[in-house]
Amino acid sequence: MSWFKLLFVLPLVAACGFTPVYGPGGVGNLLQNNLLVDEPTTRQGFFLTRQIEDRLGRAANPDYALAIELETTENALAIDADGEIARYNILGTADFALRELATGAILETGTVNGFTGYSATGTTVASLSAQRDATERLMTQLADHIVTHLYASTNLK
């Protein structure tokens, strides 16, 4: 893109209310090290919380809190000639609500979805390891979707 085109596009982007996530007044600055994720109750919830904290930091004195309701299901995909399941999909849905701690007001809600798969061929230990790895990948995916949703939120500005 030429500089001329870029100079033409920038005022249009600014006119629509676009602000960089980590720019002055950006949502990233509001949430960075300022968000408390409610305590997880499951192993999957722990992985999800860890991923969100990796992206937004751990808050010492947070202004915001994030409640997450997580649901996962596992579906068999491939069955071999012997009737053994060779591949699984793990589907995940996370409903979340961001609230301001001082007032208790709900600022943003949403639902994100994701899926991942793993192979169940080999030993039981290998299959369990593959399942655990797939679950961690799914939680990373859901965390990325939640953080992106929060960054795009207009209710925090």
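A nonpolar core is a set of buried Ala, Val, Leu, Ile, Met, Phe, Trp, Tyr and Cys residues joined through side-chain atoms within 4.5 Å. The exercises below apply this term and others to the structure, which is a predicted model.

**Exercise 1. The overall fold**

State how many helices and strands the protein has, and in which pattern they follow along the sequence.

*Solution.* Begin with the count: the secondary structure comes to 4 helices and 4 strands. Next, read along the sequence, where these elements follow the pattern α-α-β-α-β-β-β-α. Then consider burial: of the 157 residues in the protein, 32% are buried. Finally, turn to the contacts between residues at least 6 apart in sequence; 63% of them join residues at least 24 apart.

**Exercise 2. The sheet**

Determine the order of the strands in the sheet, and identify its edge strands.

*Solution.* Step one is the order: the 4 strands form an open sheet arranged β1-β2-β3-β4, with mixed pairing. Step two concerns the edges, β1 and β4, each of which pairs on one side only. From one strand to the next, the twist averages 25°.

Step three takes the pairings one at a time. Strands β2 and β3 run antiparallel and are joined by 15 bridges. Within the sheet, Leu 66 stands opposite Leu 98 in β3. Strands β3 and β4 also run antiparallel, with 13 bridges between them. Asp 95 has Thr 111 in β4 as its bridge partner.

**Exercise 3. Turns and positive phi values**

Find which residues in the two hairpins take a positive phi, and locate Asn 33, another residue with a positive phi.

*Solution.* The hairpin of β2 and β3 has 5 residues between the strands, and Gly 83 there takes a positive phi near 85°. The hairpin of β3 and β4 likewise has 5 residues between its strands. In its turn, Gly 104 has a positive phi of about 80°.

Asn 33 is a residue other than glycine, yet its phi is positive, near 55°. Its place is the loop between α2 (27-31) and β1. The relative accessibility of Asn 33 is 43%, so it counts as partly exposed, a class that lies between 20% and 50%.

**Exercise 4. The nonpolar core**

Name the residues of the largest nonpolar core that touch the most other members, and the element that gives the most to this core.

*Solution.* The core has 27 residues, and those touching the most other members are Ile 52, Leu 66, Leu 98 and Ile 146. Two or more residues come from each of β1 (35-37), α3 (43-56), β2 (64-79), β3 (85-100), β4 (106-119) and α4 (124-151). The largest contribution, 9 residues, is that of α4. In soluble globular proteins, nonpolar side chains tend to be buried together.

Now follow one member. Leaving aside residues up to four places away in sequence, Ile 52 touches Leu 35, Val 37, Gly 57, Leu 66, Ile 68, Ala 143 and Ile 146.

**Exercise 5. Helices against the sheet**

Describe which strands α3 and α4 lie across, and at what angles they run.

*Solution.* Helix α3 lies across β1 and β2, and runs at about 125° to β2. Thr 49 has its place in this helix. With a relative accessible area of 9%, Thr 49 falls under the 20% cut-off and is therefore buried. Apart from residues up to four places away in sequence, Thr 49 touches Val 37, Asp 38 and Pro 40.

Helix α4 lies across β2, β3 and β4, at about 150° to β4. Its 28 residues reach 41 Å from the first C-alpha to the last, close to the 40 Å expected at 1.5 Å a residue. Among the buried residues of α4 are Ala 134, Leu 138, Leu 142, Ala 143, Ile 146 and Val 147.

**Exercise 6. An aromatic pair**

Decide how the rings of Tyr 88 and Tyr 118 are arranged, and which strands the pair ties together.

*Solution.* The structure holds 2 aromatic pairs. In the pair of Tyr 88 and Tyr 118, the ring centres are 5.3 Å apart and the planes meet at 15°; planes under 30 degrees apart count as stacked, so this pair is stacked. Tyr 88 lies in strand β3 and Tyr 118 in strand β4, so the pair ties together parts that are 30 residues apart in sequence. Both Tyr 88 and Tyr 118 are buried.

Note on methods. Residues are numbered from 1 along each chain as its sequence is written. This is a predicted model: local features need pLDDT of at least 70, side-chain atom pairs count only at pLDDT 80 or more; totals for chains, interfaces and linings use all residues. Side-chain values use heavy atoms; hydrogens and water are left out. Buried means under 20% relative accessible area, exposed over 50%, partly exposed in between (1.4 Å probe, protein chains only). Contact means heavy atoms within 4.5 Å. Two strands pair if DSSP finds at least two bridges between them. Axes are lines fitted to C-alpha atoms, for helices over the stretch in contact, and angles run from 0 to 180 degrees between N-to-C directions. Rings of Phe, Tyr and Trp (its six-membered ring) pair if their centres lie within 6.5 Å; planes under 30 degrees apart count as stacked, over 60 as edge-to-face and the rest as tilted. The expected span of a helix is 1.5 Å times one less than its number of residues.
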